[in-house]
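Welcome! Here are some short exercises on helices, each with a worked solution. Take a look at the structure before you begin.

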Amino acid sequence: QYQKVSRLPPGPVSLPLIGNVPQIVYYLWSTGGIVSTLDLFRKRYGNVFTLWLGPLPHVSIADYETALEVFVKNANKYADKFHAPLFEAIRNDKGVAGTNGHHWQEMKRFALQTFRNMGVGKDVMELKIIEELDARCADIDKAAVNGVTTIQASDFFDLTVGSIINNILVGKRFDEENKEEFLKVKHSVDSAIEIVSLFDMILPVWVLKTFFKVHYDTVINFNEQTRDFVGKEADIRDIQIKSGEYSIDENNIKDYTDAFLLKIQKDGEDKDFNIETLKTMIVDLWTTGQETTTTTLISGFNQLLLHPEVMDKARVEIMEITENRSRNLSLSDRPKTPYLNAMIGEIQRHASILNINFWRINHEPTYMGGHMVDSGALVAAQLSALHINETVFENPEKFDPERYIRDESLLQKVIPFGVGKRACLGESLARSELYLIFGNLLLRYNFKPHGKLSTADIFPYSFAKRPFKLEMQFVKI
Ligand code: HEM
């Protein structure tokens with residue numbers, strides 16, 4: 001153990017087999033969460049430190065410069081993720097989020113290309129996002145009493161974001177007819193994500209199955225329900241095509257499913273492109289494309305309600321740009337809205353939705369931030385810890401969009417989508433959604449809290465943060 005430790009960045013004293021599990025459990029309990037534990041280790045051992053989760057060394061990078069040096073400058077070396085055994089089992093080595101190598105590369109390239117062709121980040125997608133927002137706002141206005149509507153934020157944003165991604169993937173939005181079914185599936189996804197912890201990321205499936213059966217079953221059920229709900233659309237479309245009921249118009253690709261099936265029609269099924277992979281891809285993109293954006297929106301509105309002066313300042317800026325709301329705010333306005341951009345950057349820094357980022361496999365001995373890192377170690381840029389590194393973000397606990405106005409280059413150091421080869425596939429879509437939803441909602445409504453606001457992280461022990469219960473009032477402007 002001593003020899004192994006000498007070939008890794010510093011960290012707390014570790015024991016053979018159990019590694020640092022006792023210290024980690026103690027600090028999780030005493031500091032109150034994963035992010036505060038990572039922050040404590042960073043302050044004690046420096047920006048690059050090692051924690052042994054059982055017999056496996058995990059190297060955490062908690063500063064922007066080193067993350068860039070490792071994952072961007074040496075991008076090809078860190079394309080392979082360490083996949084939690086549980087997720088490998090449910091994804092069956094298919095899809096984009098839980099695979100490596102040739103299959104992952106093909107799936108990512110095809111999804112990025114399809115999103116681009118469908119206009120993500122451009123006018124076409126902007127129209128779809130605004131259409132969705134209009135539909136949701138019509139519901140809000142219909143339910144208003146004296147111009148005020150009180151809602152549960154999670155249902156509002158789940159429906160908005162869920163409908164956008166569902167439309168992109170399988171060409172269907174959620175309306176009065178199917179929204180209850182969607183919300184039921186979504187609530188089950190929520191309860192599964194809430195219980196996924198640091199230990200689910202490392203424990204073998206048989207341990208989870210034997211000793212944490214209820215826990216294991218919840219995750220399996222979530223996967224099956226999502227696959228049934230959204231994956232079945234691929235089967236339906238395939239059957240319709242085969243029976244001649246539906247044909248794909250090559251010049252007017254309706255959704256991701258159309259693009260994928262067209263590729264199969266042209267090149268035939270192979271081990272990467274087939275109906276089963278299509279279903280897994282839809283589930284992968286559907287899951288990753290919702291929770292993340294919804295959590296950011298809810299966490300953001302919670303911050304805006306705690307800091308109404310920020311909301312007012314952003315509104316003044318966008319009122320001016322849109323000439324007193326004579327039109328919607330558009331993606332092309334981005335260069336002219338420095339305060340709104342700063343506000344969203346600060347929301348994303350604060351939200352840092354993954355308590356723990358995904359680990360990459362270090363295949364050969366190398367140096368990171370001046371420390372030797374042996375082959376076989378797992379390495380991750382810990383985005384949540386990096387975003388509260390006080391050497392980069394002064395007074396990190398403060399919600400302060402002005403910090404990016406004082407220093408424009410600081411905004412680049414907010415990296416909520418990760419960096420390098422395994423960075424977020426939906427970054428462009430998510431950035432468009434956040435800009436258009438925050439911006440246009442601020443143009444249409446004022447927001448007031450209804451009940452208690454949260455000042456602390458919710459679910460500080462789970463792998464990802466979860467949107468908390470936030471009740472808020474939409475007050476028509
Ligand atoms: C605010 C919204 C979002 C945030 C903050 C976010 C954040 C992230 C992060 C931190 C990662 C992991 C990066 C790493 O491993 O270093 C990731 C991966 C991923 N994200 Fe997102 N994401 C968001 C929205 C989306 C959307 C809208 C989609 C899909 C349409 C999406 C699809 C994915 C996929 C497929 C991966 C895995 C990529 C791979 O393994 O190569 N995300 N995201």
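**Exercise 1.** Check whether the span of helix α8 (residues 153-170) agrees or disagrees with 1.5 Å a residue.

*Solution.* Start with the count: α8 has 18 residues, so at 1.5 Å a residue it should span 26 Å. The expected span is 1.5 Å times one less than the number of residues. Next, look at the end C-alpha atoms of α8, which are 25 Å apart, and this agrees. Helices here are DSSP runs (H or I, at least four residues), numbered from the N terminus.

Before going on, please note that this is a predicted model, where local features need pLDDT of at least 70 and side-chain atom pairs count only at pLDDT 80 or more, while totals for chains, interfaces and linings use all residues. Residues are numbered from 1 along each chain as its sequence is written.

**Exercise 2.** Find how many residues of α8 are buried, and what follows α8.

*Solution.* A residue is buried if 20 or more other C-beta atoms, placed from the backbone, lie within 10 Å of its own. By that test 16 of the 18 residues of α8 are buried, so α8 is largely enclosed by the rest of the structure. After α8 comes Gly171, with a positive phi near 75°.

**Exercise 3.** Describe helix α3 (residues 34-45) by its span and its buried residues.

*Solution.* First, the twelve residues of α3 should span 16 Å at 1.5 Å a residue, and its end C-alpha atoms are 16 Å apart, which agrees. Second, the buried residues of α3 include Ile34, Leu38 and Phe41. The buried residues of α3 pack against α2 (21-31), β1 (48-53), β2 (56-61) and α16 (383-386); contact requires C-beta atoms, placed from the backbone, within 7 Å. Strands such as β1 are DSSP runs of E, at least two residues. Finally, Gly46, just after α3, has a positive phi of about 105°.

**Exercise 4.** Work out how α13 and helix α15 (residues 338-351) are oriented to each other.

*Solution.* The axes, lines fitted to C-alpha atoms over the stretch in contact, give angles from 0 to 180 degrees between N-to-C directions. Those of α13 and α15 come within 9 Å and cross at roughly 110°. The two helices are therefore roughly perpendicular, a term for angles of 65 to 115 degrees. Among the residues that meet are Thr295 and Ser299 in α13 and Ile347 and His350 in α15.

Notes. Buried ≥ 20, exposed ≤ 12 C-beta atoms within 10 Å, placed from the backbone. Parallel < 35°, antiparallel > 145°, perpendicular 65-115°, else oblique.
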